[in-house]
Structures are given as structure tokens and as C-alpha cells.
Amino acid sequence: MAYFLKEMKGARCLVLGGLGFIGSNTAHRLASLGADVTVADACLDPYGWNFANVKEIREKIDFVKADVRDKAAMEAAVEGMDCVFNCAGQVSHLDSMTDPFLDLDINCRGALVVLEACRRKAENAKIVYAGTRAQMGALRKTPGDEEQADNPADIYGADKWAAEKYHLIYNSAYGLRATSLRINNTYGERHQMKHARYGILNWFVRLALEGKEIQVFGDGSQARDYNYVADVADAMVLAAQKGEADGKYYLLGSGKETRFLDMVKAVIAAAGSGSYRLVPWPPDRKAIEVGDFFVSYEKIRRELGWEPATPLERGLKSTVEFYRERRTEYW
Ligand SMILES: NC(=O)c1ccc[n+]([C@@H]2O[C@H](COP(=O)([O-])OP(=O)(O)OC[C@H]3O[C@@H](n4cnc5c(N)ncnc54)[C@H](O)[C@@H]3O)[C@@H](O)[C@H]2O)c1
């Protein structure tokens, strides 16, 4: 591992969306480094909030139920914080197309409310934004990198793109230190396992563990890039610790292009059960499909030293073990 995370004893950290997948894993990492962690979440369905996600650290953290769109709640939450991790969001690509105003409200207005709250009440805090690969849309060349023009294919990607820009503008115009990580397809412990609206690899883990059939759209030959969630949580914390990251955005990736169908086969192998079948693309999914997507993580490796530590097979093994043991908390 090329990077080293510093102890954070006494550092006051707020994790927005901290009961969800990326947020709770980030909260775990911060707690392990000794930070004083506050988790804030609006507990909105159908998103991934789950108190089981913070079960092991519940005694060490504070929890506040708060919505990122609520100005007074955000001002109260950010006051006195050293770091703010914004992992709260509307996260479904499909839902952003059927309910674009909800996506706009949470992903754009919500991000601005948080930034304004920081500008007014926590001007010295470092903000790390959970951006997404979806901001880029279809790649013009593979592997993708930060130099390519962005061309989001859905409302979710466009709104997250705008939210990332807000962060960079608050950094340049107001000196509010902010970094955005464009998170790739992430899998692992503490994801919602109740529906297939987003986080499809995790959903397949459930189907495989239940011995069910996984439907693969088309021929499954499209390339994807999968990161294990502990590596992503490390990147979030590293971005907070590194001053060089201020005012910048970085792509996360695995350094490995994986065909969708090979991912499905790896899930079935890790679970030791399940099967798959090729089916035609549903039109709503086909309309926002971007084709081969994998990226270079060279910029974050070069500037911050981050590298993904967990290969797919090893990450899947831990993931399968986790849900096998804690099925009743997630199904
Ligand atoms: N999981 C991935 O593969 C992935 C990939 C790219 C980007 N991201 C980004 O990471 C962030 C977290 O995603 P996730 O995968 O952890 O999803 P998740 O559904 O597990 O977590 C999102 C959390 O945000 C909370 N939330 C939603 N709206 C809120 C609001 N208005 N106010 C406060 N809390 C609210 C939900 O209750 C939930 O706990 C999102 O911004 C998403 O765009 C995730």
C-alpha cells in the first residue's frame, strides 16, 4: 500500500449520509483512526440507510437525523467540524430519469445547502464530496481519465457533475477546502440488499446466496471497473488529510477492466451458488447504458498515493461472508 492514513484523534468529523454504504464505511475508518465521528442521515427510502451499518461503532459515534436540504439542520451539524464528508444522495440512475426533480433537489440543492452551511459556520473545515463515475458518461477513450470531457448520460450524472463543480467553485471563490472523488462501481459490506435499483453487484451477491438466477442484460461483454468499499473509504479519508487534494477531483478505479459477465461469474463462484441467464436489455436501462467503462487512477496515485488494495476475488470473499452471517440485518 503506497499511502498511510494518519491518526485523527480529536478531529471532529461529520459524515452526511453516514448510515448508508459509502458513508458508514467511511465512518468506520474514521472511528478506527480515533476521530470524533458524527453521523447524519435523513433515513430516506429507498436508500441504503441502516443502523446495522454502524452497529460496531454505535457507542463511539453521535447520530443526528438531518436532511442535507435543511439549512438550519446543516448549519447546526457542520458547526465546529474539522472535516465534512458528503455521502448523502439520491443514488439511483433510473430514478433520476423518472423523478428528475427529486434528484435535482437532493443532489444539487442539498450539496449547495451543505456548502453554504460550511461557508457560514465551518469555514476551516475540509469537505470531501462523494462524486461519481456517472459524471463522465460514455468514455471517448479507455481507460478514462480526468482529462476527458464529461458527458453524463443521465440526470443523476448531470446533477452530481454540477454538485462537484459547486465544491470546486467554493474552494476557488471562498477558500473553502473541498475535494471530490469520482467513485466507481463499489461493492462490499453495508450496502442495501433489498432492491436492484442501484449497486447491482451487491444485489447479485444476494441472488447468488439465495441460489437464484441472475439476469444479465445483452451479452454482458461491457467492461466495468469495481472497487472494494474499504479502499474507497480509505480514499475519502486520505482526501481529507491531504492538502494537495484541495480544489481538485480524482477518479477512483481498480486498474483492471472486468467484463460484466465475468463479474457475475465471480459472484457466483464466491457464493458457491446461483446461476445466470442472458436476457435482452430493458429499454429504460439501455437508454442510459454507457458501454465499456474503466479508468486510470493514476492522478490520485501520483498526487495522494492512493491505490486500491483489494482484488475483486478477495473483496467478494469478504462481502459474501459478511452477508451470509448478517443476512437478517440486510434482507
Ligand atoms: N456505491 C457506489 O457504487 C457509488 C458510486 C459512485 C458514487 N457514489 C456516491 O456515494 C454517495 C453514497 O452512496 P451510497 O452507495 O452509499 O448510497 P446509499 O443509499 O447506501 O447511501 C446514501 C445515504 O444518503 C442518505 N440520504 C439520501 N438523501 C438524503 C438527504 N436528503 N439528506 C440526508 N441524507 C440523505 C440515505 O438515507 C442513505 O443512508 C452518493 O452520493 C453516491 O452518488 C456511490
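Q: How does one read a polar contact, and which ligand atom lies 2.9 Å from a backbone N or O atom of Val 68?
A: A polar contact is a pair of N or O atoms within 3.5 Å (within protein, one atom must be able to donate a hydrogen and the other to accept it, and residues adjacent in sequence count only if both atoms are side-chain atoms). In this predicted model, a nitrogen atom of the ligand lies 2.9 Å from a backbone N or O atom of Val 68. Backbone N or O atoms also approach oxygen atoms of the ligand at Ile 22, with a distance of 2.8 Å, and at Leu 44, with 3.4 Å. Of the 820 Å² of accessible area that the ligand has on its own, the protein covers 96% (Shrake-Rupley method, 1.4 Å probe; for residues, only the protein chains shown count as cover).

Q: On what basis do the numbering and the values rest?
A: Residues are numbered from 1 along each chain as its sequence is written, and side-chain values use heavy atoms, without hydrogens or water. As the model is predicted, local features need pLDDT of at least 70 and side-chain atom pairs count only at pLDDT 80 or more, while totals for chains, interfaces and linings use all residues.

Q: How many residues surround the ligand, and which are the closest?
A: A residue belongs to the surroundings if one of its heavy atoms lies within 4 Å. Here the number is 30, with Asp 41, Gly 48, Tyr 156, Lys 160 and Tyr 198 the closest. The shell divides into 18 nonpolar, eight polar and four charged residues (nonpolar: Ala, Val, Leu, Ile, Met, Phe, Trp, Tyr, Cys and Pro; charged: Asp, Glu, Lys and Arg; polar: the others, Gly among them).

Q: Which elements supply at least two residues of this shell each?
A: Elements are DSSP runs numbered from the N terminus (helices H or I, at least four residues; strands E, at least two). The elements in question are α1 (21-32), β5 (126-132) and α5 (155-174). The largest share, three residues, comes from β5.

Q: How is a cavity told from a pocket, and what is the volume of the largest cavity?
A: On a 1 Å grid over the protein atoms alone, a 1.4 Å probe fits in a cavity but cannot get out, whereas a pocket is an open set with protein on both sides within 12 Å along at least five of seven lines; lining residues have an atom within 4 Å of a point. Points are joined across faces, edges and corners, and probe spheres set on them fill the volume. The largest cavity has about 50 Å³, and its lining includes Val 68, Asn 86, Tyr 129 and Lys 160. Helix α4 gives the most to that lining, three residues.

Q: What lines the second largest pocket?
A: Fifteen residues do, with Ser 254, Lys 256, Thr 258, Pro 311 and Leu 312 nearest its centre. The pocket holds about 230 Å³ of space, and its lining has eight nonpolar, four polar and three charged residues.

Q: How is a salt bridge recognised, and with which residue does Arg 109 form one?
A: The criterion is a side-chain nitrogen of Lys or Arg within 4 Å of a carboxyl oxygen of Asp or Glu. Arg 109 pairs with Asp 105, the closest N and O atoms being 2.7 Å apart. Both lie in helix α4 (residues 100-121), four residues apart, about one turn of the helix. The whole structure has 28 salt bridges.

Q: Which residues does the cis peptide bond with omega of about 10° join?
A: That bond joins Asp 45 and Pro 46. Pro 46 is in the loop between β2 (36-41) and β3 (62-65). The bond from Thr 142 to Pro 143 is also cis, with omega near -5°.
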